[in-house]
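Dear colleague,

I am handing over the structure below, together with a short account of what was found in it. Please look it over before reading on.

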Amino acid sequence: MEKKEYLPIGSLVRLKGGKRKLLIIGINQIGSNNKTYDYSSCMYPYGYLNSEQLFLFNNENIEEIIYKGYSDDELIDYYEDVVWSLEKENNKNE
């Protein structure tokens, strides 16, 4: 299985058909429908206001990467230890 690429938290994107910028605040998030999404985000420049203003989406929904957030070894370790491990486990259960 190929590892999915994720943008770092803090990245700023615009979705296909969207006009507003979204700030990525979470990776590999589970929605209220129990579906896993690549990202959770909030509207820029407002930041997180409440759970009703939280937007979930996947890589294929991104039209434009406006700013790529900070990435270092700690983030890569997190991807390796948590995110990709969860994906592997989820794929076994499908």
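The notes that follow go from the whole chain to its sheet and then to a patch on its surface.

Please keep in mind that this is a predicted model. The protein chain contains one helix and five strands, and along the sequence these elements follow the pattern β-β-β-β-β-α. Of its 94 residues, 31% count as buried, while the accessible surface of the chain comes to about 6600 Å², with 48% of that area belonging to carbon and sulfur atoms. Among the contacts with a separation of 6 or more, 46% are made by residues 24 or more positions apart.

The five strands form an open sheet in the order β4-β3-β2-β1-β5, and the pairing is antiparallel. Its edge strands are β4 and β5 (62–67), each of which pairs on one side only, and from one strand to the next the twist averages 40 degrees. Within this sheet, strand β2 (residues 22–30) runs antiparallel to strand β3 (residues 36–43), and seven bridges join the two; Ile24, for example, has Ser41 in β3 as its bridge partner.

On the surface, Ile25, Tyr48, Leu54 and Leu56 make a nonpolar patch of about 320 Å². Leu56 belongs to strand β4 (residues 55–57), which is one of the two edge strands named above. Because patches are made of residues with over 30% relative accessible area, it is worth adding that Leu56 has a relative accessible area of 31% and is partly exposed.

With best wishes

Key:
Residues numbered from 1 in each chain as written. Predicted model: local features only at pLDDT ≥ 70, side-chain atom pairs only at ≥ 80, totals over all residues. Heavy atoms only, no water. Patch = residues over 30% accessible without salt bridge, like charges linked within 9 Å, V, L, I, M, F, W, Y side chains within 5 Å. Areas by Shrake-Rupley, 256 points an atom, 1.4 Å probe, with all protein chains shown as cover. Salt bridge = Lys/Arg side-chain N within 4 Å of Asp/Glu carboxyl O. Helix = DSSP H or I, 4+ residues; strand = E, 2+ residues; numbered from the N terminus. Buried < 20%, exposed > 50% of the residue type's maximum accessible area, 1.4 Å probe, protein only. Contact = heavy atoms within 4.5 Å. Pairing = 2+ DSSP bridges. Axes fitted to C-alpha atoms, helices over the stretch in contact; angles between N-to-C directions.
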